[in-house]
Amino acid sequence: QVQLVESGGGSVQAGGSLRLSCVVSGYSGEHKCVGWFRQAPGKEREGVAAIDVGSSGTYYADSVKGRFTISEDIARTMVYLQMNSLRPEDSAMYYCAARLCPRWAIGSVRFSQYNYWGQGTQVTVSS
C-alpha cells in the first residue's frame with residue numbers, strides 16, 4: 001500500500017526558509033513521480049513542484065521558480081521541497097502526492113492525475 005507522510009511545516013517570517021520532507025513508501029520498484037501541492041483557505045489546490053524520482057527531472061509552477069527546489073534522496077524514498085524567500089502568499093497546507101509515471105516524462109505529467117496523497121503540513125508566512 002502506497003503511503004506518503006509530510007513533515008517540516010511551520011511558521012516563518014517573510015523572506016525566511018523552510019524545508020518540507022515527504023516519506024514515500026509502498027512502491028515495489030515502479031517508476032514514480034512525486035509532486036508537492038498546496039491549498040490555501042478559500043482557494044483551489046495548486047501544483048507547486050514535481051519530480052521524476054530516479055531520473056531527477058523536475059517541473060515548477062511559475063510562482064515558485066527560482067525560490068523553491070524539489071529534490072530526492074539517494075535511496076529514492078524521500079522527496080524534499082526547499083522553500084526560500086518565502087512570501088505571505090505561500091501560506092497554505094502543503095501536500096505531497098505520488099503516481100506512476102513514464103521515465104523522463106515529468107514535463108508532460110506535471111501536476112496531473114496524482115492518485116496517492118499525504119495528510120499535509122501547514123506552512124504559515126507572516127509579513
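Four salt bridges are present in the structure, a salt bridge being a side-chain nitrogen of Lys or Arg within 4 Å of a carboxyl oxygen of Asp or Glu. The model is a predicted one, in which local features need pLDDT of at least 70 and side-chain atom pairs count only at pLDDT 80 or more, whereas totals for chains, interfaces and linings use all residues. Residues are numbered from 1 along each chain as its sequence is written, and side-chain values use heavy atoms, with hydrogens and water left out.

Side chains of opposite charge can pair when their charged atoms come close. One of the salt bridges links Arg-38 to Glu-46, with 2.6 Å between the closest N and O atoms. Arg-38 is buried at 6% relative accessibility, while Glu-46 is partly exposed at 34%; buried denotes under 20% relative accessible area, exposed over 50%, and partly exposed the range in between (1.4 Å probe, protein chains only). Arg-67 and Asp-90 are likewise paired through their side chains, at 2.7 Å from N to O. Arg-67 belongs to the loop between β6 (57–60) and β7, and Asp-90 to the loop between β8 and β9, so this salt bridge ties together parts of the chain 23 residues apart in sequence. Helices (H or I, at least four residues) and strands (E, at least two) are DSSP runs, numbered from the N terminus. Both Arg-67 and Asp-90 are buried. Through salt bridges with shared partners, Arg-38, Glu-46, Arg-67 and Asp-90 are joined into one network. A further salt bridge connects Lys-65 with Asp-62 at 3.1 Å, N to O; Asp-62 is exposed, its relative accessible area being 63%.

Two disulfides were found in a search of the whole structure, a disulfide being defined as a pair of cysteine sulfur atoms within 2.5 Å. Cys-22 is bonded to Cys-96 with an S to S distance of 2.1 Å. The torsion about this S-S bond is about 65 degrees, so the disulfide is right-handed. Cys-22 lies in strand β3 and Cys-96 in strand β9, and the bond thus spans 74 residues of the chain. Relative accessibility is 0% for Cys-22 and 0% for Cys-96, and each is classed as buried.

The other disulfide is formed by Cys-33 and Cys-101, whose sulfur atoms are 2.1 Å apart. This link is also right-handed, with 85 degrees about the S-S bond. Since Cys-33 is in strand β4 and Cys-101 in the loop between β9 and α1 (106–109), the disulfide ties together parts 68 residues apart in sequence. Cys-33 is buried at 0% relative accessibility, and Cys-101 is buried at 8%. With the bonded cysteines numbered in sequence order, the pairing is 1-3, 2-4.

In soluble globular proteins, nonpolar side chains tend to be buried together. A nonpolar core is a set of buried Ala, Val, Leu, Ile, Met, Phe, Trp, Tyr and Cys residues joined through side-chain atoms within 4.5 Å. The largest such core comprises 30 residues, and those with the most contacts inside it are Trp-36, Phe-68, Ile-70, Leu-81, Met-83 and Tyr-94. At least two core residues come from each of β3 (18–25), β4 (32–39), β5 (46–52), β7 (68–72), β8 (78–83), β9 (92–100) and β11 (121–126). Another core, of nine residues, lies apart from the largest and includes Cys-33, Cys-101, Ala-105 and Tyr-114. Beyond its neighbours within four places in sequence, Ile-70 contacts residues including Val-34, Trp-36, Ala-49, Tyr-60 and Leu-81, contact meaning heavy atoms within 4.5 Å.
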